[in-house]
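Visitor: I have a structure open on my screen and would love a short tour. Could you walk me through it, one question at a time?

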Amino acid sequence: MEKTAEIGEQELAILCAKGDTFAMKELYTRYATRLSALCTRYAGGPEDGMDLMHDAMCKVFDTIGRYQYKGDGSLYAWISRVAIHLALDRFRKEKKWETISLEDGFPDVVDLEPTDIDVLPEDVLIRFISRLSLSKRLVFNMFCIEELSHKQIADQLDITEAASRSTLSKAKKALAAMIRSYLEKRK
């Protein structure tokens, strides 16, 4: 029987766990683009993103026997969690949390018009996110993309909820400034 790309997630994971090289190649091909974008957002740039993605895929192949199928989309969700946990582990090891002063209060964030965001290419937004400091980038991704609460972020990063809120506010302010500058240059 000839193998095709029509393999379902559950069967694909089972075959990968058995060491099937076709299945491993198929898994990589199927998810590499999305995983690369996710890793770039967390790592802060294409090179670091590719390193993170490589490490994540290695970990995925090492631990895929632990994956439990929970319906369509659950394999990528599991793979993305593996990558995010690796990014957070790197953060904890490097301890690059910028000092946050709550004495300044929470910075005001000027909202952009929804139409402004609509004209912003995705690759430009990803580039802007990658320019944020590590702490701002992590909190922004965890809150806005992964939809974690400030309590969950605080628990995972070993910071206070207030520090998470403040960092998110500063990240949004920095992104808004980059987007405004980009849009002004396009006029």
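Visitor: Leaving aside its neighbours within four places in sequence, which residues is A23 in contact with?

Guide: Happy to help, and please keep in mind that this is a predicted model. A23 sits in helix α2, which covers residues 21-43. Setting aside the neighbours within four places in sequence, the residues in contact with A23 are L12, L15 and C16.

Visitor: Is A23 buried or exposed?

Guide: A residue counts as buried when its relative accessible area is under 20%. The relative accessibility of A23 is 0%, so A23 counts as buried.

Visitor: What distance separates the C-alpha atoms of A23 and E11?

Guide: These two residues are twelve positions apart along the chain. In space, the C-alpha atoms of A23 and E11 are separated by 9.0 Å.

Visitor: Stepping back, how many helices and strands are there in the chain?

Guide: Reading along the sequence gives the pattern α-α-α-α-α-α-α-α-α. The count for the chain is therefore nine helices and zero strands.

Visitor: What share of the contacts with a separation of 6 or more comes from residues 24 or more positions apart?

Guide: A contact here means heavy atoms within 4.5 Å. Among the chain's contacts with a separation of 6 or more, the share from residues 24 or more positions apart is 68%.

Visitor: I always check the cysteines. How many disulfides does a search of the whole structure find?

Guide: A disulfide is a covalent bond between the sulfur atoms of two cysteines. To count here, a pair of cysteine sulfur atoms has to lie within 2.5 Å. Searching the whole structure, the number of disulfides found is zero.

Visitor: Which is C39, buried or exposed?

Guide: The cut-off for buried is a relative accessible area under 20%. C39 has a value of 0%, so C39 is buried.

Visitor: And where does E147, with its positive phi, lie?

Guide: Most residues other than glycine have a negative phi. E147 is a residue other than glycine, yet its phi is near 60 degrees. E147 is exposed, because its relative accessible area of 66% is over 50%. As for its place, E147 lies in the loop between α7 (134-145) and α8 (150-157).

Visitor: What about D158: is it buried or exposed?

Guide: D158 is another residue with a positive phi, near 60 degrees. D158 is found in the loop between α8 and α9, the latter spanning 161-186. Exposed means over 50% relative accessible area. D158 has a value of 72%, so D158 is exposed.

Key: Residues numbered from 1 in each chain as written. Predicted model: local features only at pLDDT ≥ 70, side-chain atom pairs only at ≥ 80, totals over all residues. Heavy atoms only, no water. Helix = DSSP H or I, 4+ residues; strand = E, 2+ residues; numbered from the N terminus. Buried < 20%, exposed > 50% of the residue type's maximum accessible area, 1.4 Å probe, protein only.
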